Amino acid sequence: MLATNHKTLTDTTEQTILEVPAGFVCYVSYVFVANHGGSTNTVDVWWELEGTPQVYMFDGKSIGGTNREELGGQASTAIFVLHGGEIIKAQAGSAGNIEVAVTFDLRYQPINFSNFNSV
């Protein structure tokens with residue numbers, strides 16, 4: 001299932017953009033962040049597992065008013081692969097109007113090989 005989840009950040013509250021359900025794999029192909037406000041703001045976008053950040057896609061990224069930042073999007077190839085229970089979150093540095101959108105392909109988790117990763 002190809003989809004996009006979107007949130008608008010108007011304050012500094014941590015927001016969940018996407019949570020991968022158990023039994024699924026999520027192939028993230030595009031991350032879009034736009035500052036629709038008139039003043040520069042900062043934004044964090046990260047994925048976490050069990051409450052611990054794993055990777056910051058944007059880490060305190062300063063975005064000028066009416067500007068945007070993007071990761072991926074040049075092809076449908078995944079730039080991040082998340083598994084069941086992993087979450088993408090975002091948080092603005094100050095009150096404003098920050099838009100965050102994540103495009104992804106959600107698929108059933110394939111059967112794992114018993115010898116995967118030399119186990």
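Val 28, Val 45 and Ile 88 touch the most other members of the largest nonpolar core, which has 26 residues. At least two residues of this core come from each of β1 (2-9), β2 (15-19), β3 (24-35), β4, β5, β7, β8 (86-92) and β9 (98-108). The model described here is predicted.

One of these core residues, Ile 88, has contacts in several parts of the chain. Neighbours within four places in sequence left aside, Ile 88 is in contact with Gln 15, Thr 16, Ile 17 and Leu 18, among others. Its contacts also include Val 28, Val 45, Trp 46, Trp 47 and Met 57, as well as Leu 82 and Val 102.

**Overall make-up**

The protein has nine strands and zero helices. Read from the N terminus, its elements follow the pattern β-β-β-β-β-β-β-β-β. Along the principal axes, the C-alpha atoms fill a box of roughly 55 × 30 × 20 Å. Of the 119 residues in the protein, 37% are buried. Taking contacts between residues at least 6 apart in sequence, 80% join residues at least 24 apart. The protein exposes about 6800 Å², and carbon and sulfur atoms supply 49% of that area.

**Sheet and strand pairing**

Strands of a sheet pair through backbone hydrogen bonds, in either a parallel or an antiparallel way. In this model, four strands form an open sheet with antiparallel pairing, in the order β2-β8-β4-β5. β2 and β5 are the edge strands, each pairing on one side only. On average, neighbouring strands of this sheet are turned by 20° against each other, direction ignored.

Within the sheet, β4 and β8 run antiparallel and are joined by seven bridges. Leu 49 stands opposite Glu 86 in β8. Another antiparallel pair is formed by β3 and β7, over four bridges. Here Cys 26 stands opposite Leu 82 in β7.

**Strand β7 and His 83**

In a regular strand the side chains alternate between the two faces of the sheet. Such alternation is found along β7: Phe 80 and Leu 82 point to one face and are buried, while Val 81 and His 83 point to the other and are not.

His 83 belongs to strand β7, which covers residues 80-83. How far is His 83 exposed? Its relative accessible area is 38%, so His 83 is partly exposed, as this value falls between the 20% limit for buried and the 50% limit for exposed. Apart from neighbours within four places in sequence, His 83 is in contact with Val 20, Phe 24 and Val 25. Tyr 56 is 27 residues away from His 83 along the chain, and their C-alpha atoms are separated by 16 Å.

**Two loop residues with positive phi**

Glu 50 is not a glycine, yet has a positive phi. Thr 66, also a residue other than glycine, has a positive phi too. The table gives their values.

| Residue | Phi | Loop | Relative accessible area |
|---|---|---|---|
| Glu 50 | about 50° | between β4 (41-49) and β5 (52-63) | 75% |
| Thr 66 | near 65° | between β5 and β6 (68-72) | 65% |

Why does Glu 50 count as exposed? Its relative accessible area is 75%, and exposed means over 50%, so Glu 50 is exposed. Thr 66 also counts as exposed, because its relative accessibility is 65%.

Notes
Residues are numbered from 1 along each chain as its sequence is written. This is a predicted model: local features need pLDDT of at least 70, side-chain atom pairs count only at pLDDT 80 or more; totals for chains, interfaces and linings use all residues. Side-chain values use heavy atoms; hydrogens and water are left out. Buried means under 20% relative accessible area, exposed over 50%, partly exposed in between (1.4 Å probe, protein chains only). Contact means heavy atoms within 4.5 Å. A nonpolar core is a set of buried Ala, Val, Leu, Ile, Met, Phe, Trp, Tyr and Cys residues joined through side-chain atoms within 4.5 Å. Two strands pair if DSSP finds at least two bridges between them. Axes are lines fitted to C-alpha atoms, for helices over the stretch in contact, and angles run from 0 to 180 degrees between N-to-C directions. Accessible areas come from the Shrake-Rupley method with a 1.4 Å probe; for residues, only the protein chains shown count as cover.
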